[in-house]
Each structure stands twice: as C-alpha cells, then as structure tokens.
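Colleague: I've got some nosy questions about the labels on this one. Could you put it up and walk me through them?

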Amino acid sequence: MKQHVTLAIALLFSMSLFAQIDADRMAKDIEIAENILMKLTQQELQDDAWHDDVEGKYIDGYGIVFTIRTMTEAYAFGFGREQIYIRGAKVGIKGGRRIGGVAVLEGDDVEDEQFDRQDIIQRTAERFLTDYAFLIRQLQPDERILLNFVDDWEEAAVINPFPGNRRSQRRTATLTAEVEYKYVQDLKMRKLTDEEFLDKVKFSEDAKEEARDPDVEMLITILNRLYDEDLSETFVINDAGEYNTIRGLGTIVDLRVHSAGDKSSRWEIRTDWGSFDMNEENEDCNCPDDKEARKEREKEFSEKFEPFIDSFKENVIEYGQTVESLEAGEVLMFHLRFSSFDNKVIDVTVPQDALINYANGSIKLDKAMDEIKVKEGKQRD
C-alpha cells in the first residue's frame, strides 16, 4: 500500500512538472504570433503601416488572449501626466482617401468601411487559427486561443488640454474568435479538416457601441484618487484608463503608472513606430550618465514596488467588490504599465470568487489577497 501511495505521489509530481509553462518559450511564441497577425493584416490591406497594435497575453488556466487594434486614435493631445497620441486607422478601405495617414470617410463610406473591415478581420482570424495557431506549443488541451479585435474609432481626434478630464474608454469588440487548443492539435494531426476546425471556432461580432460599465469606471476613479500625489508615496496612477470585457474571462483594465514625486511633465508621443517619452534620455546611449540613470531607476523601482503592490492588492480587494458585472469564474485584471521604468508591465489578476467571498465575510482580507496573481513582463517598444 505504501508503495502505491509513493508511486501515486511521484506520478502527480511528474504530471505537475509536465504542466508547468516555460515562461521564456511562451513569451517567444507569443512574440512570433503577434508578428504573424500583423503580417496577415498587412497582406489583406496591402499596407505596411502595422507595427505594434497586436498584443498577446498568457493567462493561467484560460489560455492566450491576443488584442488586435483595428482602429486607433488619430490624434489626441494632452499636458502634464496626460499623453499625446498620433495614430491612424489600421483597418480601412483599400485606396480610400487619407490625410496624414488618417482615413477620411464621408456619408455612406462609413457603412461601407465597417463592412470591409469585418470581412478583412474575419479572414485574418481564420487564416491565423487555421495555419499558424499550432506554433504556440505549451497550452493545455482545454485552454483557449482568443483573438480579440477591438475598435477604438471613437477616440479619433480627441483634444484633452487638462489632466484628469479624459473619460475612461471601453474598447469595443469588433469581432472575437475563440477556439480550444485541443482542436488546434486535432487540425495539425489532420483529425479535422479546415472546414471542421472552423466550425469549432466561436465567432462573436459586435460592431455596435457596447454599453459602458459604470462600476469599472468608478473603480478606476477610486484608484486614481488612492494613488494620487498626496496619498501615495510609491507610485502614482493618473490615467482614466482603457478597459475591455471578454465574456468567460472578465475585464482587463489598462493603466499607466508613474513614480510619486516626479514633478516633471510626462510628455509622451505614441506613433505607429512606437512610444517616445520626451523626458527620458536615449536608452541606447552608452554614456556613463545614462547608465547611472538606469541604475537609479532600477533601484527606485525595486524600493517602491513591494509596498506599492501590497497596497494595490489590498485596495483592489476592498474596492473591487463594487464591480458587479463580473460573472462566476471570471477575473478582474489590471495591466499596469510602468513606462518610465524600462517599459515594465505588471499584471495583477483578481478572481471574482475572491471578491465575492471577501464581500460576504467567508474569507479575511489576507486570504483574499493571497488569491491575487502578480506577473511581471515588459511591453514591446
């Protein structure tokens, strides 16, 4: 009997090791997939304007979510800690009239353009899932690959001269395509034809404006106040934020984070070629002063991060329970971007059941905080 128990424990241990994710390999696979998605869209559009508008993220127990920006900010200006955006439409009418890289649509062109984009997006999703999804090798059979095409059209030509006045932006899902990884494997082994495989893909179209989520926007407002200059000694959050709701996964909130006590203006220009912080020195410079500045930033980040993340976890449990739109099994994820610290990204994932159990008194605060997952990464330049 003892031998059987020992054998069972050894088997379980070996299975757990087998299921572990090689983070470096996963990051590499996601990077390759992001570039494939960009290239597929370029081929459909006969346009090379795509650079950094596809972002993949692995979420434990769920799979990989690829967010593809189908329409983005045209121009948006701001001061202080607000940002400047200079972007153009990513998916539009072939050969359509453009001024400065921005699609110019008149009358019925808007409706035609929307139809053309849906067709392009559908073909891109089908080609990626059928021909290239198998290149992501570490997913479990019941985990998923989700392509989430989001439409930021309504942010075009926003001018915001006053910090804090920008409204939270819910990203409209133009189309989603989701498939379980086991079907990707079956297609690769030719257990399924292309047509049978595409029947397994769940497509969801919603080209209309989605209702805003007042609970999520209120939570963002609360976090902005909690991490304002006068209340936070670590990092500052002064960002109305973008958020995206994916059925079956939950809500993802994007927030930019800065260092408390940094009084300089946070002028950043985001273009099709990347992000440029007007206050940062050249990262490629080999001058001694620049290397010393990097070391100072790393030291500052390491000193401030632990107290910040502890307080952030506590606050999202305390105030996250006000978000009633989450379904059972979904999560509230915060995508925190520390652009001033070598583009560090921290994902903070809060399970809905932790919020519910804390709200009804089933668990204490420390237990609820223990259920939060914190994952560090780096956004692409």
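Colleague: What makes you say that β13 is largely enclosed by the rest of the structure?

Modeller: Four of its five residues are buried, so the surroundings largely enclose β13. "Buried" means under 20% relative accessible area, "exposed" means over 50%, and "partly exposed" is anything in between, using a 1.4 Å probe and protein chains only. The name β13 comes from DSSP runs, numbered from the N terminus: helices are H or I with at least four residues, strands are E with at least two. Some ground rules: this is a predicted model, so local features need pLDDT of at least 70 and side-chain atom pairs count only at pLDDT 80 or more, while totals for chains, interfaces and linings use all residues. Numbering starts from 1 along each chain as its sequence is written, and side-chain values use heavy atoms, with hydrogens and water left out.

Colleague: How do you know that β13 is joined to β14, and which way do they run?

Modeller: DSSP has to find at least two bridges between two strands before they count as a pair. β13 and β14 have five and run antiparallel, so they qualify. One of the bridge partnerships is N244 with I252 in β14.

Colleague: And what makes up the hairpin of β13 and β14?

Modeller: Those two strands with three residues between them, and G248 in the turn has a positive phi of about 95 degrees. G248 is in the loop between β13 (242-246) and β14 (250-259).

Colleague: Why is G248 called partly exposed?

Modeller: Its relative accessible area is 37%, so it lands in the band between buried and exposed.

Colleague: What does G248 touch, leaving out residues up to four places away in sequence?

Modeller: Y62 and E330. A contact means heavy atoms within 4.5 Å. G248 and A328 are also worth a look: they are 80 residues apart in sequence, but 8.7 Å apart in space, C-alpha to C-alpha.

Colleague: On to the helices. How do you know that the buried residues of α4 line one face?

Modeller: The buried ones in α4 are Y181, Y183, V184 and L187. Looking down the α4 axis, they fall within an arc of 155 degrees, so they line one face. That arc is taken over the directions from the helix axis to the C-beta atoms. The general geometry: an α-helix has 3.6 residues a turn, so residues three or four places apart point the same way.

Colleague: What about the buried residues of α8?

Modeller: In α8 (residues 352-359) they are Q352, A354, L355 and Y358. Their arc is 165 degrees seen down the axis, so these also line one face of the helix.

Colleague: What follows α8, and with what phi?

Modeller: G361, with a positive phi near 85 degrees. After α4 comes R190, with a positive phi near 60 degrees, and R190 is not a glycine. R190 is found in the loop between α4 (181-188) and α5 (194-200).

Colleague: Is R190 buried or exposed?

Modeller: Exposed: its relative accessibility is 54%, so it clears the cut-off.

Colleague: Now the charges. Why is the pairing of K344 and E298 called a salt bridge?

Modeller: The term needs a side-chain nitrogen of Lys or Arg within 4 Å of a carboxyl oxygen of Asp or Glu. K344 and E298 come in at 3.6 Å, N to O, so the pair passes. K344 is in strand β18 (residues 344-351) and E298 in helix α7 (residues 288-320), so the bridge ties together parts 46 residues apart in sequence.

Colleague: Is K344 buried or exposed?

Modeller: Buried, because its relative accessible area is 13%. E298 is partly exposed at 34%.

Colleague: How far apart are the N and O atoms of D228 and R225?

Modeller: 4.0 Å, and their side chains do meet in a salt bridge. D228 is partly exposed at 31%, as is R225 at 43%. E180 and K182 form another, with the closest N and O atoms 3.5 Å apart. There's also a network linking E55, D254 and R337.

Colleague: How many salt bridges does a search of the whole structure find?

Modeller: 15.

Colleague: And how much of the protein chain is buried?

Modeller: 47% of its 381 residues. The chain has nine helices and 19 strands.
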